[in-house]
Amino acid sequence: MATGRDRVPVEVCKGVNGLEMVVLREARGSSAEVYLYGGHVTSWKNDHGEELLFLSSKAIFKPPKAIRGGIPICFPQFSNHGSLEQHGFARNRIWSIDNDPPPFPTNSSSRAFIDLILRPTEDDMKIWPHSFEFRLRVALGPGGDLMLTSRIRNTNSDGKPFSFTFAYHTYFSVSDICEVRVEGLETLDYLDNLQNKERFTEQGDAITFEAEIDKIYLSTPTKIAILDHEKKRTFVLRKDGLPDAVVWNPWDKKAKTMADFGDEEYKHMLCVEAAAIEKPVTLKPGEEWRGRLELSAVPSSYCSGQLDPQKVLQCS
Ligand SMILES: O=P(O)(O)OC[C@H]1O[C@@H](O)[C@H](O)[C@@H](O)[C@@H]1O
């Protein structure tokens, strides 16, 4: 666990439109950028300086519009699964740097990290009448892995529990969506957002892409792999506390309806979102929930054709 002593100092600077952001740098060259607006990771680069996340060239860095790309945080509501605004309000609030977070029991050897915190304002409590503390740690591992840990605590003083849904809405950068496949979701049940959230079962093959997709896979394994054949790169997601996984690509028609997304950009992105949606999380006052996502990008040149994400990891 990193202590104050061996921690790499983070840089706080002004990003697009003067919005404050934090830059994390790891000794071998990987880096990440985190905006306080949304507690939003907008960039994750490997030690060759290659960008691994998709960020739209038309992204609007201006509240209240959430930033299109990177890793928006969906809380306290995923999508339109409730009465709040789409994907909740955490992604368009200004978070603060948390200089003194409660102890972080983690075995991570990360030295480059930032702790952020979001608490509701009085106005927030008018639309979602609950008091909470949302602590987000964004860390870079020594090998360039990106780790996000969310800790959400019910701080209601009225004795009331609350429930929420959640997602790390990660936009991965891919060379060509038609050359990408996702492994780890085969044979699982999913809710199809394009068919009134009806429940279906996925076929036995890895998922490939040739049209709009918007599915919530249920009870997914802790590891999911995204294989980018053209780039010879595999993204591996490891997650904890997040049983569901959303797979989204708007494709051409939907892309044209989105003001903050280029018409052709759908070809170069894929969202695979570690989430808790089907069974909302309920917290009593004083209780805390934790949801963790760890992302790695590994060369996959010798791994194509292997369906087991575990093997993809072993041969990297
Ligand atoms: O445009 P937004 O609000 O960022 O949402 C983008 C997409 O986010 C995905 O997570 C949802 O499943 C989609 O239904 C939605 O279209």
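Is Asp 124 buried or exposed? Asp 124 counts as buried, because its relative accessibility is 3% (buried means under 20% relative accessible area, exposed over 50%, partly exposed in between, with a 1.4 Å probe and protein chains only).

## Basis of the model

This is a predicted model, in which local features need pLDDT of at least 70, side-chain atom pairs count only at pLDDT 80 or more, and totals for chains, interfaces and linings use all residues. Residues are numbered from 1 along each chain as its sequence is written, and side-chain values use heavy atoms, with hydrogens and water left out.

## Asp 124

Asp 124 belongs to helix H1, residues 122–127 (a helix is a DSSP run of H or I with at least four residues, numbered from the N terminus). The side chain of Asp 124 makes a polar contact of 2.7 Å with that of Arg 93 (a pair of N or O atoms within 3.5 Å; within protein, one must be able to donate a hydrogen and the other to accept it, and residues adjacent in sequence count only if both atoms are side-chain atoms).

## Ligand surroundings

The residues around the ligand (a residue is near a molecule if one of its heavy atoms lies within 4 Å of it) include Phe 78, His 169, Asp 214 and Trp 248.

Oxygen atoms of the ligand lie close to several side chains: a polar atom of Arg 68 is at 3.0 Å, an N or O atom of Arg 91 at 2.9 Å, and a polar atom of Glu 273 at 2.9 Å. Of the 390 Å² of accessible area that the ligand has on its own, the protein covers 86% (Shrake-Rupley method, 1.4 Å probe).

Key:
Helices (H or I, at least four residues) and strands (E, at least two) are DSSP runs, numbered from the N terminus.
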